[in-house]
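Q: I have not looked at this structure before. Could you take me through it?
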Amino acid sequence: MIVDYHMHLRDPGERVVHTLEAVERFVEVASARGVDEIGFSEHVYYFRQTRSVWTLEYQTERCVYELDAYVDVVLEAKRQGMPVKLGLEVDYVGARQGELAALLEPYPWDYLLGSVHWIDGLAVDQQPGLWARAPVGMSPGCWRRDWMPTASSRARKCAGER
Ligand SMILES: [Zn+2]
């Protein structure tokens, strides 16, 4: 069985769209490509309900969508028999992790993907981001051994949970 549980619901123009039509389009494309089941893992910082835990402009300016609408659309797709799972891509938020967990607890998630997009406010996967501060060509092993000890304990905990 082939599955892909890391997907973000977008329209053909790459805009965030949490609708049944969008789910149907993803399911059709997955089926055409031989994928048996897909899971949606929208970024947790896109949802207004989680606003209290975000501090970076990148997060707060995106924090405008309704979590219940996203959940309802995926649950409806499941109810209709589509091969989909309800997930969420959940950033590590250090001391606020308990608060975030409590916000997400009431929903019937099939799974949650843990992720680290920022360390000490610097983006891991954007430019210039964290890598502008790290030496060029640093290997992951070198990163853990030589660079991380200089970061805060919060960041070290992040790295350990990647
Ligand atoms: Zn993702």
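A: A word on terms comes first: helices and strands here are DSSP runs, with at least four residues for a helix and at least two for a strand, numbered from the N terminus. Please also note that this is a predicted model.

Q: Fine. How many helices and strands does the chain have?
A: There are six helices and six strands in the chain. Along the sequence they follow the pattern β-α-β-α-α-β-α-β-β-β-α-α.

Q: What is the average pLDDT of the chain?
A: The average pLDDT is 85, and 78% of the residues score at least 70. Residues 150–162, however, have a pLDDT below 50. In the model this stretch has 17 contacts beyond near neighbours in sequence. Where pLDDT is low, the predicted coordinates should not be read in detail.

Q: On to the sheet, then. In what order do its strands stand?
A: The order is 1-2-3-4, in an open sheet of four strands with parallel pairing. Strand 1 and strand 4 are at the edges with a single partner strand each, so one side of each has no neighbour in the sheet. On average, neighbouring strands of this sheet are turned by 25° against each other, direction ignored.

Q: Which helix packs on the sheet and touches strand 1?
A: That is helix 1, which also touches strand 2 and strand 3. The direction of helix 1 makes about 135° with that of strand 2.

Q: And how many bridges pair strand 2 with strand 3?
A: Strand 2 and strand 3 are paired over six bridges, in the parallel sense. One of the pairs matches F40 with L86 in strand 3. Another bridge partner in strand 3 is L88, which faces E42.

Q: What about strand 3 and strand 4, how many bridges are there?
A: Five bridges join strand 3, residues 84–91, to strand 4, residues 111–115, and the two run parallel. V90 stands opposite G114 in strand 4, and D91 stands opposite S115 in that strand.

Q: Which helix makes a β-α-β unit with those two strands?
A: Helix 4, residues 97–104, makes the unit with strand 3 and strand 4, and the unit is right-handed.

Q: Why is strand 3 described as largely enclosed?
A: Seven of the eight residues of strand 3 are buried, so the rest of the structure largely encloses this strand. A residue counts as buried if 20 or more other C-beta atoms lie within 10 Å of its own. Over the chain of 162 residues, 23% count as buried.

Q: Now the interior. How many residues does the largest nonpolar core have?
A: The largest nonpolar core has 22 residues, and V23, V74 and V84 have the most contacts inside it. Two or more residues come from each of helix 1 (20–32), strand 2 (37–43), helix 3 (67–79) and strand 3. Helix 3 gives the most, with six residues.

Q: Let me pick V84 from that group. What does V84 touch?
A: Leaving out residues up to four places away in sequence, V84 touches V23, V27, I38, G39, F40, V74, A77 and K78.

Q: Changing topic: which residue has a positive phi although it is not a glycine?
A: That is E14, with a phi of about 70°. Most residues other than glycine have a negative phi, and most peptide bonds are trans. E14 is placed in the loop between strand 1 (3–7) and helix 1.

Q: Is E14 buried or exposed?
A: E14 is exposed, because 8 other C-beta atoms lie within 10 Å.

Q: One more loop, please. Where does L56 lie?
A: L56 lies in the loop between strand 2 and helix 2 (57–60). L56 is partly exposed, with 14 other C-beta atoms within 10 Å.

Q: And what does L56 touch?
A: Not counting residues up to four places away in sequence, L56 touches W118 and G121. L56 and W118 are 62 residues apart in sequence, and their C-alpha atoms are 9.5 Å apart in space.

Q: Finally, what share of the contacts join residues at least 24 apart?
A: Among contacts between residues at least 6 apart in sequence, the share is 62%.

Conventions:
Residues numbered from 1 in each chain as written. Predicted model: local features only at pLDDT ≥ 70, side-chain atom pairs only at ≥ 80, totals over all residues. pLDDT = per-residue confidence, 0-100. Contact = placed C-beta atoms within 7 Å. Pairing = 2+ DSSP bridges. Right-handed = clockwise from strand over helix to strand, strands pointing away. Core = buried A, V, L, I, M, F, W, Y, C linked by C-beta atoms within 7 Å. Buried ≥ 20, exposed ≤ 12 C-beta atoms within 10 Å, placed from the backbone. Axes fitted to C-alpha atoms, helices over the stretch in contact; angles between N-to-C directions.
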